[in-house]
2 protein chains.
Amino acid sequence: MKEGPNLAAVAALLGDPARANMLTALMDGRALTATELAHEAGVTLQTTSGHLARLEAAHLLRVEKQGRHRYFRLSGEDVAEVLEGLMGLAARTGHLRTKPGPKDPALRQARVCYDHLAGDMGVWAFDRLWAKGLVGGHDRHVHVTERGRAFFAGFGIDVEALAQGRRPLCRVCLDWSERRYHIAGAVGSQLLRKLFDKGWARREKDSRVVHFTPKGRQDFAKLLA
Amino acid sequence: MKEGPNLAAVAALLGDPARANMLTALMDGRALTATELAHEAGVTLQTTSGHLARLEAAHLLRVEKQGRHRYFRLSGEDVAEVLEGLMGLAARTGHLRTKPGPKDPALRQARVCYDHLAGDMGVWAFDRLWAKGLVGGHDRHVHVTERGRAFFAGFGIDVEALAQGRRPLCRVCLDWSERRYHIAGAVGSQLLRKLFDKGWARREKDSRVVHFTPKGRQDFAKLLA
DNA sequence: TTCATAGTTCGGCAATAACCGAAGCATGCG
DNA sequence: CGCATGCTTCGGTTATTGCCGAACTATGAA
């Protein structure tokens, strides 16, 4: 009758508005304190505390103690991926939160997803990497090609070194606004970092929105032309 | 504070055990009736009805009406993908369920659906009829062609006579094990009857299972070759 | 028409759990 | 030390919602 793991328990955790708000706030990969998350969720601190305990028990969050603060962050990229997927389903049903807020277009254009680039720009970048034969594979199993290694090296990303880490080198992540894949994994993470380092883009404060400078956009386009 | 679509509403839908069981049962892409889903979920039909209405309203399910049955299926691959992702998170926490149960292979191969042939054999027969140009049309509106009339006459089925009756001459029926169409309607009914009359197949007692004799299978294959 | 099956709607009950106030620890600072 | 801050635990209230029995509608078969 029933097959596979019990998804209901996890989904129920994500299904509470307060918890969902907290997780959404953590989608950008930052670590936030319980007090900050309480504010995000719009509930009192003691309520938040209970929620966070449950999320941590389910291994959806990791916590880092630091003095009298406790910093919470998503436990991994896979959590962010599922959250993005759920947003995709929600967006499809027209269940937009309220109306598309003022930040919505910016969010659709470029945003942080965990620690890599999402939105229109993220999907475009993945498309170009693929078209240029810098990443390859089929379905969702993606890898960096030989030519890709050279390309990333030229961009200041040492793929060989990343490959030593435990983290999957290259993954894809489904984009809720574009309904297509963008690049994730260690390479995706480094790619976004380089965009910031080079001054091509910067993060909006307290938001997932990523702003490209005019020149940055131009250079990025040229890079992947 | 809040960015992006409201994932809580969708996640809450997936977070109920009964609904999660229904969705899990639909994960393989088949279409199931409300009664079957009620059984899967372990709740009564009226409870199921409410759940299905909500899932459909959220566009997580699509429904196909067929006679007095309503066949539900996942609305798309993206839904299945999110469910998979949630199972992944659940599995990570060690929330495994009971083992998968054994299926009934005979039922999948050939069975009675009302009064016509379903299962692997039923879908195969419809494919052949279609490929040979004996039935035609598009989408779900199917009719017997001129050549088809001659073919069925040769098999002992008088299409002209059947056309006099109130019952639709030729319909298609969605197959739950193959999740494709097989032939139904008056012609489908007569076809199955002829299979029994000719001794090519027989019904298992108190079951929907249909057993073909070796010779019957051979002759049927030759007929539609 | 009459009967059977598939599914929906309605109403009330019961269990869950989200919420907050208040009190209790723990850490850091002066 | 005393005090403030960050967070957790406890208890009781409240709102939600999942559930089923019963009655109702719709389709099909005889």
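Student: In this predicted model, where in chain A is T145(A) found, given the elements β7 and α8?

Tutor: The model is a predicted one, and its chain A has a strand β7 covering 141–144 and a helix α8 covering 146–154. T145(A) is found in the piece of chain that joins these elements, namely the loop between β7 and α8 of chain A.

Student: Does T145(A) count as buried or exposed, and at what relative accessibility?

Tutor: Buried means under 20% relative accessible area. T145(A) counts as buried because its relative accessibility is 17%.

Student: Which backbone atoms lie 3.0 Å from the side chain of T145(A)?

Tutor: Leaving out residues up to four places away in sequence, T145(A) touches G133(A), L134(A), V135(A) and G136(A). The side chain of T145(A) also reaches the backbone of G148(A) at 3.0 Å, through the nitrogen of that residue. A polar atom of the T145(A) side chain lies 3.0 Å from the oxygen of L134(A). The atoms asked for are therefore the backbone nitrogen of G148(A) and the backbone oxygen of L134(A).

Student: How is the open sheet of three strands in chain A ordered, and why is one side of β1 and of β2 left without a neighbour?

Tutor: The three strands pair in the antiparallel sense, in the order β1-β3-β2. Strands β1 (32–33) and β2 (61–66) of chain A stand at the edges, so one side of each has no neighbour in the sheet, the reason being that each has a single partner strand.

Student: Over how many bridges do β2(A) and β3(A) pair, and which residue does V63(A) stand opposite?

Tutor: Strand β3 of chain A spans residues 69–74, and its pairing with β2(A) is antiparallel over six bridges. Within this part of the chain, V63(A) has a residue of β3(A) opposite it, and that residue is F72(A).

Student: At about what angle to β3(A) does α2(A) run?

Tutor: Helix α2(A) lies across three strands of chain A, namely β1, β2 and β3. With respect to β3(A), the direction of α2(A) is at about 80 degrees.

Student: How many residues surround DNA strand C, and which supply the closest approaches?

Tutor: DNA strand C is surrounded by 20 residues, drawn from both chain A and chain B in the case of the closest ones. By class, the residues of this surface divide into four nonpolar, 10 polar and six charged. The closest to DNA strand C are Q46(A), H51(A), T35(B), S49(B) and R70(B).

Student: Which element gives the largest share of the surface near DNA strand C?

Tutor: At least two residues each come from α2 (17–26) and α4 (45–57) of chain A, and from α3 (34–41), α4 (45–57) and β3 (69–74) of chain B. The largest share is four residues, and the element that gives this share is α4(A).

Student: What percentage of the atoms of DNA strand C within 4 Å of the protein belong to sugar or phosphate, and at what distance is the side chain of T35(B) from a phosphate oxygen?

Tutor: A polar side-chain atom of T47(A) lies 3.1 Å from a phosphate oxygen of DNA strand C, while an N or O atom in the side chain of D16(A) is 3.4 Å from a sugar or linking oxygen. Of the atoms of this strand within 4 Å of the protein, those of sugar or phosphate make up 69%. For T35(B), an N or O atom of the side chain is found from a phosphate oxygen of the strand at a distance of 2.3 Å.

Student: How many residues surround DNA strand D, and which element supplies the largest share of that surface?

Tutor: DNA strand D is surrounded by 21 residues, and T35(A), S49(A), R70(A), Q46(B) and R54(B) are the closest. By class, the surface has four nonpolar, 10 polar and seven charged residues. The largest share is four residues, supplied by α4(B).

Student: At what distance is the side chain of S49(A) from a phosphate oxygen of DNA strand D?

Tutor: Of the atoms of DNA strand D within 4 Å of the protein, 71% belong to sugar or phosphate. The side chain of R19(B) has an N or O atom 3.2 Å from a phosphate oxygen of this strand. For S49(A), the corresponding distance from an N or O atom of the side chain to a phosphate oxygen is 2.5 Å.

Notes: Residues numbered from 1 in each chain as written. Chains lettered and ligands numbered in written order. Predicted model: local features only at pLDDT ≥ 70, side-chain atom pairs only at ≥ 80, totals over all residues. Heavy atoms only, no water. Near = heavy atom within 4 Å. Polar contact = N/O pair within 3.5 Å; in protein donor to acceptor, adjacent residues only side chain to side chain. Nonpolar A, V, L, I, M, F, W, Y, C, P; charged D, E, K, R; others polar. Pairing = 2+ DSSP bridges. Contact = heavy atoms within 4.5 Å. Axes fitted to C-alpha atoms, helices over the stretch in contact; angles between N-to-C directions. Buried < 20%, exposed > 50% of the residue type's maximum accessible area, 1.4 Å probe, protein only.
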